[in-house]
Amino acid sequence: MSSRPDLAATIGHTPLLRLRHASALTGCEVLAKAELMNPGGSIKDRTALGLLLDAERRGLIRAGGFIVEGTAGNTGIGLGLLGASLGYRTVIFMPETQSREKIDALRITGAEVRLVPAVPYKDPNHYAHQARAHAEALNESDAGSAWFANQFDNTANRDFHEATTGVEIWEQTEGHIDGFVCASGTGGTLAGVGRALKARNPGVRIALADPTGSALANYVNTGELVASGNSISEGIGSSRVTANFDGAPIDLAWSIPDDESIPLSHQLLHEEGWCVGGSSGVNVAGAIRLARALGPGHTVVTILCDAGTRYQAKLFNPGFLREKNIPVPPWLDQAFPG
């Protein structure tokens, strides 16, 4: 008999997929780690597990205690599911601008969800600051009762991706990998995978695919945190350098507009059967750019972060897409006429 003891044991070891369209377009092998196949539906299950394992190892959370975090959604879903599995209570602070699908998915994990206004990180009412303050208040009334996960600046995030995601990619490609590219939210995936691959082959090119409206690509290219434009993508991009992103071994960086990335998300669904979110479209756009920069015959890997069903009201809404000047494929108009 083969079985796994709990939810945590099902996280990771996701398959590596060949993306047919991107490979044919570039003459490269363009592969994607299917992180949407984690039990909570996203790569953030890994982040949640890495943070929680580190907290347990260091004695930062006690049995039955509170997990508290500020998140755009997916890390909260992972923490909520792990909390339910392991007997913790979870409180999540989340920007009210996030998709209804993610908010609902978070609530059904049993987590307490507190929606707050979306404000810049420098504002004391930013969701991450509110989460930290709530954990501190819980600990003031009952010392040791709460743990603030702090996914953006807790480098256990980056370290877990270095030890798991990066190692898996290296093993699945048998070391035949020339480049890796993905977007950055906390920076944990990009920095951790980049470190793991560079440690095994310094020649592997690491690239950032950044949505418009984020300052990170400009920071990599010029040293200045300057952003322009905007994006409908959720959970990626930043106006600051997090502890996880700081020092990431990035060789190349691009700012990816929605009218380039969202059509790739649509194409992946309609032509290859993969229903992915907007961040995956940004990643695939980055993979195509990196493959073209390297030239035919190379192997490039990226991440399919989560499922498109978490963004259905935006990503598959013809009216919304037209309002944002994003191309609407004919099949989507046919699926949702009028």
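# A tour that starts at His266

Select His266. Leaving out residues up to four places away in sequence, His266 touches Leu315, Phe316, Leu321, Pro327, Pro329, Trp331 and Leu332. This residue sits in helix H10. Is His266 buried or exposed? His266 counts as buried, because its relative accessibility is 2%, and the cut-off for buried is under 20%. Keep in mind that you are looking at a predicted model.

**Zoom out to the whole chain**

Show everything as a cartoon. The chain has 14 helices and 10 strands. Along the principal axes, its C-alpha atoms fill a box of roughly 60 × 55 × 50 Å. For 338 residues, a compact globule would have a radius of gyration near 20 Å; the chain has 19 Å, which agrees.

Now turn on the surface. About 13,800 Å² is exposed, and carbon and sulfur atoms supply 50% of that area. Of the 338 residues, 57% count as buried.

Colour the charges next. There are 28 positive and 35 negative ones, and their mean positions lie 1 Å apart.

Then think about how the chain comes back to itself. Take the contacts between residues at least 6 apart in sequence: 70% of them join residues at least 24 apart.

**Select the largest core**

Hide the surface. Select Leu19, Val30, Val181, Val284 and Leu304. These have the most contacts inside the largest nonpolar core, a set of 28 residues. Which elements each supply at least two residues of this core? They are strands S2 (29–34), S8 (205–211), S9 (252–256) and S10 (299–304), plus helices H10 (258–272) and H11 (278–294). Colour H11 on its own: H11 gives the most, with seven residues. In soluble globular proteins, nonpolar side chains tend to be buried together.

Centre on Leu19. Beyond its neighbours up to four places away in sequence, Leu19 touches Val30, Ala32, Leu268, Glu272 and Val284. A second core is separate from the largest one; it has 23 residues, including Trp170, Val193, Leu208 and Val301.

**Step to Val181**

Val181 is in strand S7. Its relative accessibility is 0%, so Val181 counts as buried. Show its contacts, leaving aside neighbours within four places in sequence. One group is Ala207, Leu208 and Ala209. Another is Asn283, Gly286, Ala287 and Leu290. The list also holds Val300, Val301, Thr302 and Ile303. Try a distance too: Val181 and Gly194 are 13 residues apart along the chain, and their C-alpha atoms are separated by 8.8 Å.

**Follow helices H6 and H7**

Select residues 165–172. This is helix H7, and it is mostly covered, with six of its eight residues buried. Which residues of H7 are buried? They are Thr165, Gly166, Val167, Glu168, Ile169 and Trp170. You have met Trp170 already, as one of the residues in the second core. Now show what covers the buried residues of H7. The cover includes S2, S10, strand S7 (179–182) and helices H2 (44–57), H6 (156–163) and H8 (188–200).

Move to H6. Its buried residues are Ala156, Asn157, Arg158, Phe160 and His161. H2, H7 and H8 are among the elements that cover them.

**Look for positive phi angles**

Most residues other than glycine have a negative phi. Here are three to inspect.

- Glu174 comes just after H7 and takes a positive phi of about 55°.
- His13 is in the segment before strand S1 (16–18). Its phi is positive, near 55°. His13 counts as exposed, because its relative accessibility is 66%.
- Asn325 is in the loop between helix H13 (318–323) and helix H14 (330–335). Its phi is positive, about 60°. Asn325 has 65% relative accessibility, so it counts as exposed.

**Last stop: Asn218**

Select Asn218, in helix H9 (residues 216–222). What is its relative accessible area? The value is 27%, so Asn218 is partly exposed. Setting aside neighbours within four places in sequence, Asn218 is in contact with Gly223, Glu224 and Val226.

Finish with one long line across the view. Draw it from Asn218 to Ser2, C-alpha to C-alpha: the two are 216 residues apart in sequence and 49 Å apart in space.

Conventions
Residues are numbered from 1 along each chain as its sequence is written. This is a predicted model: local features need pLDDT of at least 70, side-chain atom pairs count only at pLDDT 80 or more; totals for chains, interfaces and linings use all residues. Side-chain values use heavy atoms; hydrogens and water are left out. A nonpolar core is a set of buried Ala, Val, Leu, Ile, Met, Phe, Trp, Tyr and Cys residues joined through side-chain atoms within 4.5 Å. Buried means under 20% relative accessible area, exposed over 50%, partly exposed in between (1.4 Å probe, protein chains only). Helices (H or I, at least four residues) and strands (E, at least two) are DSSP runs, numbered from the N terminus. Contact means heavy atoms within 4.5 Å. The radius of gyration is taken over C-alpha atoms; the globule rule is 2.2 Å times the number of residues to the power 0.38. Accessible areas come from the Shrake-Rupley method with a 1.4 Å probe; for residues, only the protein chains shown count as cover. Lys and Arg count as positive and Asp and Glu as negative; His and the chain ends are not counted. The place of a charge is taken as NZ of Lys, CZ of Arg, CG of Asp or CD of Glu.
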